Amino acid sequence: NAKNAGRNCYLFYSEKMYRQVRERLEIESDIRNALKNDEFELHYQPKVDANGQVKGAEALLRWQHPLKGNISPAVFIPVAEKSDLIVKIGAWVREKAFHQLALWKKQHFPPIRLSVNVAGQEFTRNTLLQHLITLFQKYDVDQHLLELEITEGTLMESVEQSLMDFRIIKNMDVHISIDDFGTGYCSLGYLKNYPIQTLKIDKSFIDGILINGRDTIITKTVIAMAKSLDMEIVAEGVEKEEQRDFLFGHGCDLIQGYYYSPPLPLAEFEAYVGSMNREGTAALVHT
Ligand code: C2E
Ligand code: MG
Ligand code: MG
Ligand code: MG
């Protein structure tokens, strides 16, 4: 009867909640171990221009858990964001990225702008700026080759604080890019007021290009808007040739997606840049 059903329901939900909390705590303690035992790694996904040259890359976290195997950032980043762990992870990622940029500079590797993802909590906790300053003192890195990717949602969570920080970051010559553009609150006001250099159109719009009329129009319009605001525009999640042709045809600056390459371990990424940027140069010689 209804009373029993209700009680079962209650039991069911409390068990489910208990399980969720336990899973979260387990992931948190796994993350602490991962930081201690060096289980994280960065992979690099190329951003390619219309001439086939790799001009940028996004650093993406990969985690090989010793017992559980690969754990996706889509699983552990949201957990880390609920505690101070996201700040530790962010610091680890930036240290690694600076180290790599400094190495590439020393090795005369082609100038690739490297982006890292920054969580909103890092703004509100006021740890980001000081960390960037420390890293620029520690590593010989060209400031304009560093880019921070911030999602629309993050931006709106800490408007006042981030506007101040953004201005300082911009003065440092570090790029700021809005990630997953079009999926958040989408207030166009901040494009006017914030020193943002780059918009990344979200994959959800790219998926619909040439299939869904609205996605096609939105994508075209966002590219045109970015261009007229003198911003760089990057498309993410590009998987198909038709999408690439459409995007470059409408003036998109850079494309990131499986069509070119998934995120790669360091050595494979370097080999990819070597082959692409050489072919690109050869192509230019022919014309
Ligand atoms: P994001 O910053 O929007 O990164 C793009 C995601 O799309 C990556 O997933 C990438 O592997 C995936 N992707 C790129 N091209 C394609 C494509 O053509 N098809 C498909 N299906 N997927 C594509 P990933 O690496 O699993 O990361 C997921 C999210 O986790 C990221 O989304 C970002 O929000 C977060 N994340 C990853 N690394 C970090 C990090 O170091 N710090 C922070 N705070 N967040 C991170
Ligand atoms: Mg990103
Ligand atoms: Mg994105
Ligand atoms: Mg995303």
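This briefing covers two metal sites, the nonpolar core and two backbone features of one structure. The model is predicted, so that local features need pLDDT of at least 70 and side-chain atom pairs count only at pLDDT 80 or more, while totals for chains, interfaces and linings use all residues. Residues are numbered from 1 along each chain as its sequence is written, chains are lettered from A and ligands numbered from 1 in the order in which they are written, and side-chain values use heavy atoms, with hydrogens and water left out.

**Metal sites**

- The magnesium ion (ligand 2) has as its protein donors Glu58 (OE), Asn117 (OD1), Glu149 (OE) and Asp179 (OD), at 2.1 to 2.2 Å; donors are N, O and S atoms within 2.8 Å of the metal (3.2 Å for Na, K and Ca), and sites may look incomplete because water is not among the atoms.
- Along the sequence, the donor residues of the magnesium ion (ligand 2) are spaced E-x58-N-x31-E-x29-D.
- Glu58 belongs to strand β2 (residues 54–65) and Glu149 to strand β5 (residues 146–151), so this pair ties together parts 91 residues apart in sequence; helices (H or I, at least four residues) and strands (E, at least two) are DSSP runs numbered from the N terminus.
- Both Glu58 and Glu149 are buried, where buried means under 20% relative accessible area, exposed over 50% and partly exposed in between (1.4 Å probe, protein chains only).
- For the magnesium ion (ligand 3), the protein donors are Asp179 (OD), Asp180 (OD) and Glu236, the last listed twice through OE, at 1.9 to 2.7 Å, and their spacing along the chain is D-D-x55-E.
- Asp179 in strand β6 (residues 175–181) and Glu236 in strand β8 (residues 232–236) link distant parts of the chain, 57 residues apart, and both residues are buried.
- Asp179 coordinates both magnesium ions, ligand 2 and ligand 3, which are 4.1 Å apart.

**Nonpolar core**

- The largest nonpolar core holds 80 residues, of which Leu148, Leu247 and Phe269 touch the most other members; such a core is a set of buried Ala, Val, Leu, Ile, Met, Phe, Trp, Tyr and Cys residues joined through side-chain atoms within 4.5 Å.
- Helix α3 (residues 85–106) supplies the largest share of this core, 11 residues.
- Leaving aside residues up to four places away in sequence, Leu148 touches residues including Val116, Leu128, Ile169 and Ile176, contact meaning heavy atoms within 4.5 Å.

**Positive phi angles**

- His108, in the loop between α3 and β4 (113–117), is not a glycine yet has a positive phi of about 55 degrees, and His108 is exposed, with a relative accessible area of 71%.
- Asp230, in the loop between α10 (213–228) and β8, has a positive phi near 65 degrees and is exposed, with a relative accessible area of 73%.
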